[in-house]
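Work through the exercises below with the sequence and model in view. Try each task before reading its solution.

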Amino acid sequence: MIRPAVAADASWIADIWNGIIADTLVTFTTVPKTPDAVAEMIAEQTVLVADTQAGFATFGPFRSGPGYAATVEHTVLLSRAARGQGIGTALMQGLITEAQAAGHRVMVAAISGENPPAVAFHAALGFQMVAHMPQVGRKSGRWLDLILMQKVLTGVHDGDALPADRV
């Protein structure tokens, strides 16, 4: 059901992402994703997909600099038809496992204040709200709040070091 993405997945991932960019306030971006850009992302970072082409999840750096190397920010997006079926949970469980295996300690969710279901979804996965930043984003002529949630990953300890290529 959940597997690593391959370049052939780039087009349908871009379609899901672009629908969300165009039709919602879930993401603050207004720039569509091209299949080529998504294929590049797949080549450079962890991207998991649902075999049914119902959604994807990925993580990347939270912030630049070596002090943040053990912290990642993630994205999980589903097609409208796939919501509420457990696919997002399966993607996130796989993503958390991948982040732990890579030696990451903290996973961050940056959630639009216009997306209360995402806050509930992350809370159910053990994420804690750490910040509510009023009116820091702007899209469709509106100022939008940003909610930050984080999860400290189990199995990753204070003294653990990231591999040299991750620092």
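The exercises follow one strand and then a pocket.

This is a predicted model, where local features need pLDDT of at least 70, side-chain atom pairs count only at pLDDT 80 or more, and totals for chains, interfaces and linings use all residues. Residues are numbered from 1 along each chain as its sequence is written, and side-chain values use heavy atoms, without hydrogens and water.

**Exercise 1.** Find out why strand E4 is largely enclosed by the rest of the structure.

Solution. Strands (E, at least two residues) are DSSP runs, numbered from the N terminus, as are helices (H or I, at least four). E4 covers residues 71-78. Six of its eight residues are buried (under 20% relative accessible area, 1.4 Å probe, protein chains only). E4 is therefore largely enclosed.

**Exercise 2.** Which strands pair with E4, and in which direction does each run?

Solution. Strands pair if DSSP finds at least two bridges between them. Start with E3 (residues 55-61): seven bridges join it to E4, antiparallel. One bridge partnership is glycine 60 with glutamate 73. Next take E5 (residues 106-112): three bridges, parallel. Here threonine 71 stands opposite valine 106.

**Exercise 3.** Which element gives the most to the lining of the largest pocket?

Solution. Lining residues have an atom within 4 Å of a pocket point. The lining has 38 residues. Val26, His74, Thr75, Val76 and Leu77 lie nearest the pocket centre. Elements giving two or more residues include helix H1 (10-23), E3 and helix H4 (116-124). E4 gives the most, six residues.

Technical notes. Buried < 20%, exposed > 50% of the residue type's maximum accessible area, 1.4 Å probe, protein only. 1 Å grid on protein atoms, 1.4 Å probe; cavity = no way out; pocket = protein on both sides within 12 Å on 5 of 7 lines; lining within 4 Å.
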